[in-house]
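User: I would like to go through this model with you. Could you bring it up?
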Amino acid sequence: MATVPVTLRATGAVARRQLASRVSRYVFLGASLLGVVVLAYLTYDTIDTAWTRLSWNIVTNYPSRFADQAGLRPAIFGTFWIMVATMTMAIPVAVGTAIWIEEFAPRNRLLTIVQINLANLAGVPSIIYGILGLTIFVRFYGMDRSILAAGFTLALMIIPMTVIASQEAIRQVPPSLREGALALGATKWQAVRHNVLPNAIPGIMTGTILATSRAIGETAALIVIGGFTFIRFDPGPAIPGDLANPVAFWDGLREGFTIIPIQIYGWIINSRLEYQHNAAAGIIVLMTGVMTLNLIATVIRERFRRD
Amino acid sequence: MSLSTRIEKESVATALQKRALSRPQETLILTSLTFCAAVSLITTVLIVGVLVRESLTFFEEVSITEFFDPTKDWQPLFNPVGYGVWELVAGTVNVTLWALLLAVPVGLATAVYLSEYAHPNTRKLLKPVLEALAGVPTVVYAYFGLVVVTQEILRPLFAEVGIEVPIFNALAASIMLAIMILPTIASVSEDAMSNVPRDLREAAYGLGSTRLEVAIRVVFPAALSGIIAAILLAIARVVGETVIVAIIAGSTPKLTLDPLESVQTMTGFMLQVALGDAQRGTVDYQSLFAVGMMLFLITLVFNVAAYFFVRRYREEYE
């Protein structure tokens, strides 16, 4: 009896379609790896350029006419105090907004307007926030080109982003927790305060930290506010001298500032080539800060992941 | 029995009493939460107010017809003075166009890979890297674009074929902008693709489709509104990005889409004015607000459109 050859291997058009599918996997993989490759090359090249300039004095020195003496010291103090000011103002407002939207807001047109408005504000170019800060805080409220004005400006800029992240976190809390509390006679706020918020805290923290790392790198808005200046003192309240003295503390916040990314910007656009090494070294300092924050955010998120 | 009932009654009574007592606090809290929510509405009102008010001062000096006259140059800082905004808009369109051409294919391919092909472990590894890219401050990309892309790659490369690329050029800026928006495009569209219900895929596999066909013909169209949202968001970010274009693309306003030219974008000009010593109240200075107004309106359109597309795909499948 003749046997019919049986094969499971596809032929003709089917084979071509399967081949295309198999090849496509590697094409798509290649595209996804592009980001990784770029990140790796960027890191390598920056470290390579920064190498000759990497020493502690990039952190401890004031800016200077001599590239090998110029450091980020005032910029680091500026960045630190501006972040403190920004977060102090942004976090309560952002979390409050998120709670209002998720728990208290009437489900009507007003809520839609608030949400569209937030979505748009999250995408408004930072330089526009800079113009707003310049006109309102620096000029109208007479804060001058100070840490305080910069903090207010950045706070307005990151509030939308933080609200959206906090909303996600609140939405992740199982409704049963809230409903259980309400059924036991808790008021709405008691349910939110004792049952919803504690469970949403990790998500809110992750969102807040990511927003902080976005704010640390912000350059354009703070150039508009007046951060592109040559500063040879430590901006902000003296540590620890002014911490216990409210008047001195306030005066410290009214001082002028510069920040790490603006100092890097200054070094990049400097026509003298040796400053390129400073720019690269500055980038390493900045990226160390940003990546540390991102890492903390990721760790918190993984730690409290709810599936 | 009777004891426990009494205790229960008592505690309910106390609870209700406490509840009544806490009512003023409840009102206070609701009021402060509402105030928090009002902050972002006030922000928008202030942005629009500042831009409109200061632009009006500008348009007292420069007519709107001159501002939108395509034959006029943008040359506010020296003679012959001209305020034709199209040159700045062209600079923005130039870098945006090239950045999208580079970023959209790569970003969508990344999204397809993560959503349709990748093993969960690979996904777990790749996503944080993409997020790390999203967190890189733009001044870092600016440095990289000027020092590495222009000087080490583009100039030697084009010199081979006899083209001299200027130090400041739109192409290097576009490349860095593309890298900047890559994570946005990839993660927003990946989110949309992952939201496509499993049944659609299973049905297509059941009919004999290959993985590629499922990805391209089923998942991609089903996730289209999310993908459009991703691209719209990316456009808004590119149009609004300042430091990258200010450092890499140059400061020569030009009506061209040639990527090898030195151009100036709207944001690039705004930063130039902010850095310069134009006096408050002069026309040069007020032009900052007029250009800012244009920028705000353009990003507003893209942001709001993106919002509705995102909402649409969420409604479709959730």
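User: Are R178(A) and E103(A) buried or exposed?
Analyst: Both R178(A) and E103(A) are buried, that is, under 20% relative accessible area with a 1.4 Å probe and protein chains only, where exposed means over 50% and partly exposed lies in between. This is a predicted model, in which local features need pLDDT of at least 70 and side-chain atom pairs count only at pLDDT 80 or more, while totals for chains, interfaces and linings use all residues. Residues are numbered from 1 along each chain as its sequence is written, chains are lettered from A in the order in which they are written, and side-chain values use heavy atoms, without hydrogens and water.

User: How do the side chains of R178(A) and E103(A) meet?
Analyst: They form a salt bridge, 2.9 Å from N to O; the term requires a side-chain nitrogen of Lys or Arg within 4 Å of a carboxyl oxygen of Asp or Glu.

User: What about R73(A) and D234(A), how far apart are they in sequence?
Analyst: They are 161 residues apart, so the pair ties together distant stretches of sequence. The side chains meet in a salt bridge at 2.8 Å, N to O. R73(A) is partly exposed at 27% relative accessible area, and D234(A) is partly exposed at 23%.

User: Changing topic, how many salt bridges are there between chain B and chain A?
Analyst: There are two. One of them joins R301(A) to E131(B), at 3.1 Å from N to O.

User: And how many residues does each chain give to the contact?
Analyst: Chain B gives 78 residues and chain A gives 81, with contact meaning heavy atoms within 4.5 Å.

Technical notes
Helices (H or I, at least four residues) and strands (E, at least two) are DSSP runs, numbered from the N terminus.
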